[in-house]
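Please walk me through how the helices of this protein pack against each other. Keep it short and define the terms.

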Amino acid sequence: MGSGEAVNEELQKADEYLKKHRILELFNDLCGSVCFHKPQDVRAFLVQELQLREREGAEAGNFEDKEIRAVFNLADLMQMGVISEEQARAALLSMANSQKQKENVQALELPPEVDETTFFQKAKDALQFR
């Protein structure tokens, strides 16, 4: 095996490791959390976020209740109090910050019309918000 093949094999192993442990997803999520919360002490915040993920699981979301409701209201442009299943799924997908969360949203059973309370609960369930 030449040195070029050995390098390619090592790169492939590294890529498989990153995918298996979802490292890039974790870093993207942590970067999103930093941008969202804008902490004064970024390092302490990152340590706290990692500890939270260890306690609550890797999929804890970043949105507060009022922000989930705001996403619903953005989808409910006509202010009818309900949105279609398609609108609800698109809105939920816009809040997903990991592949696992996207898969959870895709797997959701939604009624043809979704009200704010249902949307809120589905967001909490599928996206595992804190």
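The paragraphs below follow helix α7 and its neighbours.

This is a predicted model, in which local features need pLDDT of at least 70, side-chain atom pairs count only at pLDDT 80 or more, and totals for chains, interfaces and linings use all residues. Residues are numbered from 1 along each chain as its sequence is written, and side-chain values use heavy atoms, leaving out hydrogens and water.

Start with α4 (residues 65-75) and α7 (residues 116-127). Their axes come within 10 Å and cross at roughly 125°. Axes are lines fitted to C-alpha atoms, for helices over the stretch in contact, and angles run from 0 to 180 degrees between N-to-C directions. That angle makes α4 oblique to α7 (under 35 degrees is roughly parallel, over 145 roughly antiparallel, 65 to 115 roughly perpendicular, the rest oblique). On the α4 side, Asp 65, Ile 68, Arg 69, Val 71 and Phe 72 make the contact (heavy atoms within 4.5 Å). They meet Glu 116, Phe 119, Phe 120, Ala 123 and Lys 124 of α7. By class, six of these residues are nonpolar, none polar and four charged.

Now turn to α5 (85-95). The axes of α5 and α7 come within 11 Å and cross at roughly 45°. These two helices are therefore oblique as well. Ala 88, Ala 91, Leu 92 and Met 95 of α5 touch Phe 119, Lys 122, Ala 123 and Leu 127 of α7. Seven of the residues are nonpolar, none polar and one charged.

Last comes α6 (residues 99-107). Its Gln 101, Asn 104 and Val 105 are buried (under 20% relative accessible area, with a 1.4 Å probe and protein chains only). They span an arc of only 95° around the axis, so they lie on the same side of α6. Their cover includes α5 and α7.

Conventions. Helices (H or I, at least four residues) and strands (E, at least two) are DSSP runs, numbered from the N terminus. Ala, Val, Leu, Ile, Met, Phe, Trp, Tyr, Cys and Pro count as nonpolar, Asp, Glu, Lys and Arg as charged, and the others, Gly among them, as polar. Buried means under 20% relative accessible area, exposed over 50%, partly exposed in between (1.4 Å probe, protein chains only). The arc is that of the directions from the helix axis to the C-beta atoms.
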